[in-house]
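Q: Please take a close look at the salt bridges in this structure, for a reader who has not seen it before. Please also describe the places around them.

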Amino acid sequence: MDLRMLPAGEIGDVAAAPSCPESGDEMKNTEEKSDTNGAALAGSEQLSHSRDEDELLLYVSAFIEKEVGSDLKSLKRLGKLIEQMTESKTKLEEEVLTISSEIPKRIQSALKDAEESKQVLNQFLEQEEPLFSSINSHLLTAQPWMDDLGAMINQIEEIGRHLTYLKWVSQIEELSDNIQQYLMTNNVPEAASTLVTMTELDIKLRESSCTHLLSFLRATVKFWHKILKDRLTSDLEDILAQLHWPFITHAQPQTVGASRPASAPEMHAALETLFCQLLKLQASDELLTETKQLPEKYSLPATPSVILPIQIMLTPLQKRFGYHFRGSRQTNVISKPEWYLAQVLMWIANHTQFLDEKIQPILDKVGAAVNARLEFSRGLVMLILEKLASDIPCLLYDDSLFCHLVDEVLLFERELHSVHGYPSTFASCMHILSEEACFQRWLTVERKFALQKMDSMLSSEAAWVSQYKDITDVDEMKVPDCAEVFMTLLLVITDRYKNLPSASRKLQFLELQKDLVDDFRLRLTQVMKEETRDSLGFRYCAILNAVNYISTVLADWADNVFFLQLQQAALEVFAENSALSKLQLGQLASMESSVFDDMINLLERLKLDMLTRQVEHVFREVKDAAKLYKKERWLSLPSQSEQAVMSLSSSACPFLLTLRDRLLQLEQQLCFSLFKIFWQLLVEKLDVYIYQEIILANHFNEGGAAQLQFDMTRNLFPLFSHYCKRPENYFKHVKEACIVLNLNIGSALLLKDVLQSAPEHLPATAALNEVGVYKLAQQDVEILLNLRTNWPSTGK
């Protein structure tokens, strides 16, 4: 701010505003400092003043240049510009005066407010000390009152708890009195409903620490539950007796339905009423009655107890079961499990109609998610489980009795699930058989009897004969009897264990099956080694058919849903135990491999080894028979034009006859898939042999080349025409060699020139393909051309 622009009075105000009273020494020090710095500041002030003047001159000249310019006529505007500038100056002076007058006032106001705040704070500090002392004194005086008040509050809370306790007791007594009143007036439905309310209280107070209250409530529930249960049970038993329950014979339910007395509707109405009332007692019955459970070693699934009315309906049957199949009765024979198993199945069948037609509608009406027939079956199955749990330890080490028991139990399970729709999630006999000691014994017995069966089937006279040898359509695989029986044995074992509840138990049985397959493979290998000298014999071929059949069936089983599920279970087990590499786990998870892969690979290796032996045997015979043909005088044979009719070389007859006989023999003894592999392997060896040992080992004139082609294309190749459409495609070396040897002179010369002129890095493939050569290399064709002797003199 330029002080020269302010009036004198204002200059004094601004100068006086920041001043404050100071001592004389301080004033002197200030003056001395200002004198010392004065000289230093003078020069800088002069420099800045001169710069400001220069900038001002430049600004003025630029402003005039802009407003007036070089046009003299624009000087007329100077008066107007001066007026505008004067007005701007006046406005600026007013704004400066306004601002300079407000700032000191604001500063003075702020200082005044700060001073007042300081005074108020000091007053508060002066008042705080006596107030603090007063509060402490008051707290000391009030402490005894607080202690007395706390004791009174604790007493009130204690009394409140007592009142709540008494309210619960009163509520329980009230409910008990209500039940008594309802029973006195014979209002059983309301009594049952009230007992349900009392049971709900018991469940609600289960976590309470009031043990005496809980004991009182539980005793009250138990008291009335027993009275109501006994009364309703007696009434239900009377109604059931009138309906001739239980139905001991199969014809009894139909008899009851056919001879309906006049009071039948009333009886069914009473049955429904009693059934519904007993259903109300279900909660209290579960609360009071400890469910009878088998030991944990059987790993039974957790299931609720059978509903109370069904329990009452089961009582007479349970008594009959105990009477006949426990104790010293003649019907309780440990070697006859089929007696009690058949009895239970008959009881289920006899009562199914009544349960579906009379009891199930009652349950549906009250909205109970219960199947009457399955509840009834579950109750009877528990009798079987208890009986098995007590009997099995007694016959665990008697193989014949134990095996008979397992067979009967499996038949029982099959009918129970398939005929009566018993769910696999319920407790079943398979849980008893899965108990560790019993299960290991089962595995041992299963292995023992399977090995005995294998011994008997391999020692049988008909072991290597197909059961269907006279039925062509059925006997495509030419399966010997021993292999058929063995795979049936494995299939039966699968059916026996597939309903086991635990995947780990199923996997143990799967390992047993794989062991049996490996054992059977070793037995087949042993018999095969005894027959090695006669590798084309009937028994050797039967063994080969057996190996192929087992491998094929196992490959089919690998895609079965049951074994795919086992593969998934095995994957989880192996992952937990780190039993396989990550690659093997990945193959199992992606279904690239199967649970039978190890066995299939071993069988396939054995199959290929046996086939190779047969191929080698036949190949040796054919080579021996082809010795004369190999020494044929190919150089001096007459040309085709010199012969009336082309005929087979006499030296080729022995090896072609040998080949034909062996093909016919093995076609009859091997199944189609094996024979196809056999002849293709044999053809591969024959092709190379004829090419290398006969063609490349000789030179050919025109007649020799024509005779070779005739022998091959009209006699050798047709031997295989029964097995494929174009047999010549399997003799690629021989076929193409005949083509090259039988090219006419001109074509042969042209091809020879092309091959000789072709660069090494760019073979004459197009020229070779043009004459029908695709398999042979360029060097091979050149060798074949050199084997020709019918070149003109100019072409040599």
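A: A total of 28 salt bridges is counted, where a salt bridge is a side-chain nitrogen of Lys or Arg within 4 Å of a carboxyl oxygen of Asp or Glu. The model is predicted, so local features need pLDDT of at least 70 and side-chain atom pairs count only at pLDDT 80 or more, while totals for chains, interfaces and linings use all residues. Residues are numbered from 1 along each chain as its sequence is written, and side-chain values use heavy atoms, with hydrogens and water left out.

As a general point, side chains of opposite charge can pair when their charged atoms come close. One of the pairs here is Asp285 with Lys229, whose closest N and O atoms are 3.2 Å apart. Asp285 belongs to helix 8 (residues 282-288) and Lys229 to helix 5, so this salt bridge ties together parts that are 56 residues apart in sequence. Helices in this account are DSSP runs of H or I with at least four residues, numbered from the N terminus. Asp285 is buried, at 2% relative accessibility, whereas Lys229 is partly exposed, at 23%. These words follow relative accessible area: buried means under 20%, exposed over 50%, and partly exposed in between, with a 1.4 Å probe and protein chains only.

Helix 5, which holds Lys229, comprises 32 residues (211-242), and its end C-alpha atoms are 46 Å apart; this agrees with the expected 46 Å, because each residue is reckoned at 1.5 Å. The expected span is 1.5 Å times one less than the number of residues. Just after helix 5, His244 takes a positive phi of about 65°. The peptide bond from Trp245 to Pro246 is cis, with omega near 0°, and Pro246 lies in the loop between helix 5 and helix 6 (252-258). Beyond helix 8, the loop leading to helix 9 (308-325) includes Ser299. Ser299 has a positive phi of about 50° although it is not a glycine, and Ser299 is exposed, with a relative accessible area of 52%.

A second pair is Arg447 with Asp515, where the closest N and O atoms are 3.7 Å apart. This pair also links distant parts of the chain, since Arg447 is in helix 14 and Asp515 in helix 16, 68 residues apart. Both partners are partly exposed, Arg447 at 34% and Asp515 at 37%.

A third pair lies within one helix: Asp609 and Arg613 meet in a salt bridge at 3.4 Å, N to O. Because they are four residues apart in helix 20 (residues 597-625), about one helical turn separates them. More generally, an α-helix has 3.6 residues a turn, so residues three or four places apart point the same way. Asp609 is partly exposed at 35%, and Arg613 is partly exposed at 34%. Salt bridges that share partners also form a network, which joins Asp399, Arg441 and Lys448.

Arg613 is also among the residues touched by Ser535, together with Tyr540, Gln614 and His617, when residues up to four places away in sequence are not counted; contact means heavy atoms within 4.5 Å. Ser535 sits in the loop between helix 16 (503-530) and helix 17 and is buried, with a relative accessible area of 3%. The side chains of Ser535 and His617 make a polar contact at 3.4 Å. A polar contact is a pair of N or O atoms within 3.5 Å; within protein, one must be able to donate a hydrogen and the other to accept it, and residues adjacent in sequence count only if both atoms are side-chain atoms.

Glu435 offers a contrasting case: this residue is buried yet has no salt bridge, and the nearest side chain of opposite charge, Lys297, is 4.4 Å away. For charge, Lys and Arg count as positive and Asp and Glu as negative, while His and the chain ends are not counted. Glu435 lies in the loop between helix 13 (429-433) and helix 14 (436-459). Leaving aside neighbours within four places in sequence, Glu435 is in contact with Lys297, Tyr298 and Arg505.

Key. Helix = DSSP H or I, 4+ residues; strand = E, 2+ residues; numbered from the N terminus.
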